[in-house]
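Here are some short exercises for you to try with a protein model on your screen. Have a go at each task before you read its solution.

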Amino acid sequence: MNNRYSGGSVANVFLKEPGWKVRALTRNPTSIKSQALAAQGANVVQVDINVPVTLLAAFEGANAIFAVSDFWGLYSDPTNKDKASLGQTLNVWAGEHETQQLKNIIEAAAKVLTLERFILSSLSNAAKWSKGKYTYVYHFDSKAKAAEYCEETYPELWAKTSIYQPGFFLGYYTLNGLSQLTKSAGVVQSIGHVDPDVKLPFIAAEEDSGPFVRALIQDTAGKNLIGYRGWLTTRELAEKFSQATALKTEVITLLKGHFPPSVPTELKAELEDNLAYWSEFGYEGRDDPTVIHPRDVS
């Protein structure tokens, strides 16, 4: 499966790997990125993860499957803005829908007789590892619930499965949003709610995901990898940015409850719980004994 970061990275790595054929599954095979993969030799196939029968056909004969979903894509898609049921917020709907999409993928993958390795892109279960303290981190828990579904419902598939948890995307600092870098009075600023002294796993997903997934596919199953290229505080990250660019960089931490006017009301509780969870229990759910690090895979 593909998305704008991880999926393309995985496809690019295996297009260069001898003996592998890449089938890139996408909603839009005519997109620029899809066509770029096709030009490199990928078999680009149109699928709809909301329609399981399209997955069954696309998975036929596969030896390895990498599955990745996109909570924020669901949440920000204007065609989904009215899909939440009465009394339900859009982010709750997006979380439930993402879980169902991943269940569709899991159910289809379980039927692939040729499958040797299933890699599921997921994140830690904030509600579980915080012992119920942080329950609004829908974009983490929605993925973790799908992994739990796979383990409980399809033990034979689970025996072939490894989990890939991507760290915090460095790309977010160049996109519109809370993490985007801005320049004011000659100083580059990073404005956000993350405690500047809490270490986070940072990843350039468009470059790093492919090698991490390749390592998981080549290794034995049953891994739960937190993928990153550096484990840094935002303060340390700002210092490295300054060293690399010769630009002065400062980190501005917003107080709890303070968000730009552009942040929708339903997201404020989710983002607050998310960042508090990272600070107290770790991005990866540090009490999870199954988590391994890049040094632990070949």
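The exercises below concern a predicted model, and each solution goes step by step.

**Exercise 1. Check the length of a helix**

Work out what span the 14 residues of helix H9 should have, and compare it with the distance between its end C-alpha atoms.

Solution.
- Step 1: Helix H9 covers residues 205-218, which makes 14 residues.
- Step 2: The expected span is 1.5 Å times one less than the number of residues, so for H9 it comes to 20 Å.
- Step 3: The end C-alpha atoms of H9 are 19 Å apart, which agrees with that expectation.
- Step 4: Now look at how H9 sits in the model: its buried residues include Ala205, Phe212, Val213, Leu216 and Ile217.

**Exercise 2. Describe how two helices pack**

Are helices H7 and H11 roughly parallel or roughly perpendicular to each other?

Solution.
- Step 1: Find H7 at residues 138-153 and H11 at residues 265-281. Their axes lie 9 Å apart, and the packing angle is about 70°.
- Step 2: Angles of 65 to 115 degrees count as roughly perpendicular, so H7 and H11 are roughly perpendicular to each other.
- Step 3: Pick out the residues that touch. H7 contributes Tyr138, His139 and Phe140, while H11 contributes Glu270, Asn274, Tyr277 and Trp278.
- Step 4: Sort the residues of this contact by type: four are nonpolar, two are polar and one is charged.

**Exercise 3. Read the order of a sheet**

Which strands stand at the edges of the five-stranded open sheet?

Solution.
- Step 1: Write down the strand order, which is E3-E4-E5-E10-E13, with parallel pairing.
- Step 2: Look at the two ends of that order. E3 (64-67) and E13 (291-292) each have a single partner strand, so one side of each is left without a neighbour in the sheet.
- Step 3: Follow E13 to its pairing with E10 (residues 224-227), which is parallel and has two bridges. Here Leu225 stands opposite Ile292 of E13.
- Step 4: Add a helix to the picture: H5 (residues 90-109) lies across E3 and E4, and runs at about 175° to E4.

**Exercise 4. Judge two residues by their accessibility**

Is Asn104 buried or exposed?

Solution.
- Step 1: Locate Asn104 in helix H5.
- Step 2: Its relative accessible area is 8%. Buried means under 20%, so Asn104 is buried.
- Step 3: Leave aside the neighbours within four places in sequence, and Asn104 is in contact with Ile49, Asn50, Pro52 and Leu55.
- Step 4: Take Pro52 from that list; it belongs to helix H3 (residues 52-59). Pro52 has 35% relative accessibility, so it counts as partly exposed.
- Step 5: Pro52 and Glu107 are 55 residues apart in sequence, yet their C-alpha atoms are 8.2 Å apart in space.

**Exercise 5. Look at both faces of a strand**

Which residues of strand E9 are buried on each side?

Solution.
- Step 1: In a regular strand the side chains alternate between the two faces of the sheet.
- Step 2: Apply this to E9 (residues 200-203): Leu200 and Phe202 are buried on one side, and Pro201 and Ile203 are buried on the other.
- Step 3: Find the partners of E9. Two bridges link E9 to E6 (residues 168-169) in a parallel arrangement, and three bridges link E9 to E11 (residues 230-232) in an antiparallel one.
- Step 4: Name the matching residues: Phe202 is the bridge partner of Phe168, and Leu232 is that of Leu200.

Conventions: Residues numbered from 1 in each chain as written. Predicted model: local features only at pLDDT ≥ 70, side-chain atom pairs only at ≥ 80, totals over all residues. Heavy atoms only, no water. Helix = DSSP H or I, 4+ residues; strand = E, 2+ residues; numbered from the N terminus. Buried < 20%, exposed > 50% of the residue type's maximum accessible area, 1.4 Å probe, protein only. Axes fitted to C-alpha atoms, helices over the stretch in contact; angles between N-to-C directions. Parallel < 35°, antiparallel > 145°, perpendicular 65-115°, else oblique. Contact = heavy atoms within 4.5 Å. Nonpolar A, V, L, I, M, F, W, Y, C, P; charged D, E, K, R; others polar. Pairing = 2+ DSSP bridges.
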